[in-house]
Amino acid sequence: MSFDENNEPANATKLLVWQKSRILVREIYELTRGFANRDLPLADQMRRAAISVPSNLAEGNGRASPRDALQFFYVARGSLSELQTQIILAMDLGYISSEKHRCAMSLTEETGRLLGGLIRHRRKNTGH
C-alpha cells in the first residue's frame, strides 16, 4: 500500500485528477443515456472507458511501488484516449451534437492535462 506525506494510506479521492475523472464518468453516462437505445455497444464501451480512468488512478495511487503506480496511470491515460475517439465516433454517427461533443472533449482534455501533470510529478520523484 502507498502512503501519503503524513504516512497515512494514500487516498485517490484527494487527487484533483481523480475528482475530475469522477465528473467525467457522470457526464459520459448522461451523454450516452441519449443514444444507448440505438447503439448499446458504443454507449457501453464509452462508459467502460470512462470508468477505467478513476479506477486506474485509484489502483495506481494505492500501489507501493512507484513503477507500478505509473503503469496504472498510463492505463488511465490510454482509457482517456480511447474515450476521446469514442466521443468523436458518437458525433460522426449523429448520436451527439457538436456542442455535446465539444463539452465532452473539453472535459477529457482537462482530465488529460491533470493526469499528465500527475505522471510527470510521479516520474520526477522516481527518477524515471
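Glycine 94 follows H3 and has a positive phi, near 80°. This is a predicted model.

**Helix H3**

H3 covers residues 66-92. Its 27 residues, at 1.5 Å a residue, should span 39 Å, and the end C-alpha atoms lie 39 Å apart, so expectation and model agree. Several H3 residues are buried, including the aromatics Phe72 and Phe73. Ser79 and Gln86 are buried too. So are Ala69, Leu70, Ala76, Leu80, Leu83, Ile87 and Ala90. The cover over the buried H3 residues includes H1, H2 and H4.

**H3 against H4**

The axes of H3 and H4 come within 10 Å and cross at roughly 165°. An angle over 145 degrees counts as roughly antiparallel, so H3 runs roughly antiparallel to H4. Their crossing is left-handed.

**The core**

The largest nonpolar core holds 33 residues. Met46 and Leu57 have the most contacts inside it. These elements each give two or more residues to this core:

| Helix | Residues |
|---|---|
| H1 | 16-33 |
| H2 | 40-61 |
| H3 | 66-92 |
| H4 | 98-126 |

H3 supplies the largest share, 8 residues. In soluble globular proteins, nonpolar side chains tend to be buried together.

What does Leucine 57 touch, leaving aside residues up to four places away in sequence? Its partners are Ala12, Val17, Trp18, Ser21, Phe73, Ala76, Leu115 and Leu118. Two of these partners, Phe73 and Ala76, are among the buried residues of H3.

Key
Residues are numbered from 1 along each chain as its sequence is written. This is a predicted model: local features need pLDDT of at least 70, side-chain atom pairs count only at pLDDT 80 or more; totals for chains, interfaces and linings use all residues. Side-chain values use heavy atoms; hydrogens and water are left out. A nonpolar core is a set of buried Ala, Val, Leu, Ile, Met, Phe, Trp, Tyr and Cys residues joined through side-chain atoms within 4.5 Å. Buried means under 20% relative accessible area, exposed over 50%, partly exposed in between (1.4 Å probe, protein chains only). Helices (H or I, at least four residues) and strands (E, at least two) are DSSP runs, numbered from the N terminus. Contact means heavy atoms within 4.5 Å. The expected span of a helix is 1.5 Å times one less than its number of residues. Axes are lines fitted to C-alpha atoms, for helices over the stretch in contact, and angles run from 0 to 180 degrees between N-to-C directions. Angles under 35 degrees count as roughly parallel, over 145 as roughly antiparallel, 65 to 115 as roughly perpendicular and the rest as oblique. A crossing is left-handed if the near helix is turned anticlockwise from the far one by less than a right angle, and right-handed if clockwise.
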